[in-house]
Amino acid sequence: MDKFNLDQEFKGLKEGNAAAGMPISPLVRARLDETYASLPEQPAGRRRKPQSKLRRLSSATAAAFVLGAGLFASGFVSPAMADSIKSIPLIGSLFSSIEGDIGLRNAGELGLASIVNSEVSYRDVKLEVTETVFDGSRAAFLLKVEAPNLKNGEFDTGKKKVKLSDAISNLTLTVDGKQQGDPGSILQGSYFTGAGEAHPDMLIFEEVFEASGSSTVPDTFTAEALLSLEGIDHEFKLDIPFKKTTEDIINVQPDALSANDELSVTVAELQSTPLTTRVHYSIALFNADTLTEKEEKRLNKIRLAVYDDQGRQLPALNGDGQYSANALSFDARYATTSGTTSYLLLKPFIVEDDFAETVKEKQFIKGLELKIELPAAK
């Protein structure tokens, strides 16, 4: 069984905004009320488009190609409400101003980010984790770097100047004493990138968790991060607490099947949170017991485009897949669109640009569309 892991990319996408007047989530309302109560009384009177590559920290063996965009979700609140939230000190989050990742910005604006204070120093270099986001499927944290040899996102290694994201020589994450690939580990894949021009001295790190297996992902946990920087003979250690802040989660096991004369598509499981939609599916080739190299490459160019009941395509994030017998099985992650949806349409298509592209009608494979009904979130 050959296993491959798909590296993740940030792709510049235009920010989607929900219609004005959408109700505020209970979490945001509670934090607004706390903020108002703390304020003193006053007298009356934000060919392929340019991309920012999200580097993978660890991977299993095998061939990989880049598909995916580093997103969580499209806009949940109106621009006016987003500006109001960011202007209040207790609500403001650096995630809300992250470039290139509309989902992380949205998580910040919704109050789904947790403020943390984990830092470590060595000589005149300081690393500080300021915020985290965790929805049960994916976790992200912001890392601020302070060093005399770091200026406007350029890090001087002593031999050359590189982008801060290229100065990371090693990073290992551990949860409950287990790293990715260890028996019983909940860690599936780690990625990182720069936080954008607005925050040149910050990095975004992201971890994807195993969706199944002997170990389940807890609602709260602490990850140990060991980090090295080029030109510095020292390993920095950070303890990073995570807490799940999303409650509306949908889990379905539809065992849905569609087929044409050559291919079949089966959806075994689907999970959706307000931030991330995760689909476990397989694409099988009829009249084959095992796949040839040519057939593997063919299946490798087929992905699922996912649409909500309003016809909006869910932005693709990343995924991991493996070949078995005559099929390619895939664990794909997408950004959840705003509001609620009663069903999702899953449409297989032939990749032309990348996994995150806006799919044209000519790319769809006829006869393989699936409709997955969604119950109310629990």
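**Group meeting talk: a walk through a predicted model**

Leaving out neighbours within four places in sequence, threonine 266 is in contact with Ala256, Leu257, His280, Tyr281 and Ser282. That is my starting point today. Before going on, one caution: this is a predicted model.

Stay with threonine 266. It sits in strand S17, residues 263–272. One of its contacts is Tyr281. Along the sequence, threonine 266 and tyrosine 281 are 15 residues apart. In space, their C-alpha atoms are 5.5 Å apart. Is threonine 266 buried, partly exposed or exposed? Its relative accessibility is 27%, so it counts as partly exposed.

Now step back to the whole chain. The protein chain has 378 residues, and 50% of them are buried. It holds four helices and 23 strands. The accessible surface comes to about 18000 Å². Carbon and sulfur atoms account for 49% of that surface.

With that many strands on the list, let us look at sheets. Strands of a sheet pair through backbone hydrogen bonds, either parallel or antiparallel.

Here is one sheet. Three strands form an open sheet in the order S10-S13-S14. The pairing is antiparallel. Which strands stand at the edges? They are S10 and S14. Each has a single partner strand, so one side of each is left without a neighbour in the sheet. From one strand to the next, the twist averages 20 degrees.

Look at the pairing of S13 with S14. These two strands run antiparallel and pair over nine bridges. Take leucine 226 as an example: its bridge partner in S14 is lysine 237.

Now the S10 edge. Valine 175 lies in strand S10. Buried or exposed? Valine 175 has a relative accessible area of 5%, so it is buried. What does it touch? Setting aside residues up to four places away in sequence, valine 175 touches Ile186, Leu187, Phe221, Thr222 and Ala223. Serine 185 is ten residues from valine 175 along the chain. Their C-alpha atoms are separated by 7.5 Å.

Keep Ala223 in mind, as it comes up again with the largest cavity. Rolling a probe the size of a water molecule over the atoms shows where empty space is left. The largest cavity here has a volume of about 80 Å³. It is lined by 14 residues. Which of them are closest to its centre? They are Phe141, Leu173, Glu207, Ala223 and Phe242. So Ala223 has two roles in this talk: valine 175 touches it, and it helps to line the largest cavity.

Where does the lining come from? Five strands each supply at least two residues: S6 (138–146), S10 (168–175), S12 (202–209), S13 (220–229) and S14 (235–243). S10, S13 and S14 are the strands of the sheet I just described. Which strand gives the most? That is S12, with four residues.

On to a second open sheet. It also has three strands, in the order S19-S22-S23, with antiparallel pairing. The edge strands are S19, residues 302–307, and S23, residues 370–373. Each of them pairs on one side only. The twist averages 25 degrees from one strand to the next.

Take the two pairings in turn. S19 and S22 run antiparallel and are joined by six bridges. Across that pairing, valine 306 stands opposite leucine 346 in S22. Then S22, residues 343–350, pairs with S23 in the antiparallel sense over four bridges. There, leucine 344 stands opposite isoleucine 372 in S23. Tyrosine 343 has glutamate 373 as its bridge partner in S23.

Last stop: two loop residues with an unusual feature to point out. Aspartate 255 is not a glycine, yet its phi is positive, about 45 degrees. Where is it? Aspartate 255 lies in the loop between strand S15 (250–252) and strand S16 (256–259). With a relative accessible area of 57%, aspartate 255 is exposed.

Asparagine 287 also has a positive phi, near 60 degrees, in a residue other than glycine. Its loop runs between strand S18 (276–285) and helix H4 (293–300). Asparagine 287 is exposed as well, with a relative accessible area of 82%.

That is the tour. Please find threonine 266 in strand S17 again on your screens, and we can start the discussion there.

Methods. Residues numbered from 1 in each chain as written. Predicted model: local features only at pLDDT ≥ 70, side-chain atom pairs only at ≥ 80, totals over all residues. Heavy atoms only, no water. Pairing = 2+ DSSP bridges. Axes fitted to C-alpha atoms, helices over the stretch in contact; angles between N-to-C directions. Buried < 20%, exposed > 50% of the residue type's maximum accessible area, 1.4 Å probe, protein only. Areas by Shrake-Rupley, 256 points an atom, 1.4 Å probe, with all protein chains shown as cover. Contact = heavy atoms within 4.5 Å. 1 Å grid on protein atoms, 1.4 Å probe; cavity = no way out; pocket = protein on both sides within 12 Å on 5 of 7 lines; lining within 4 Å. Points joined across faces, edges and corners; volume = space filled by probe spheres on them.
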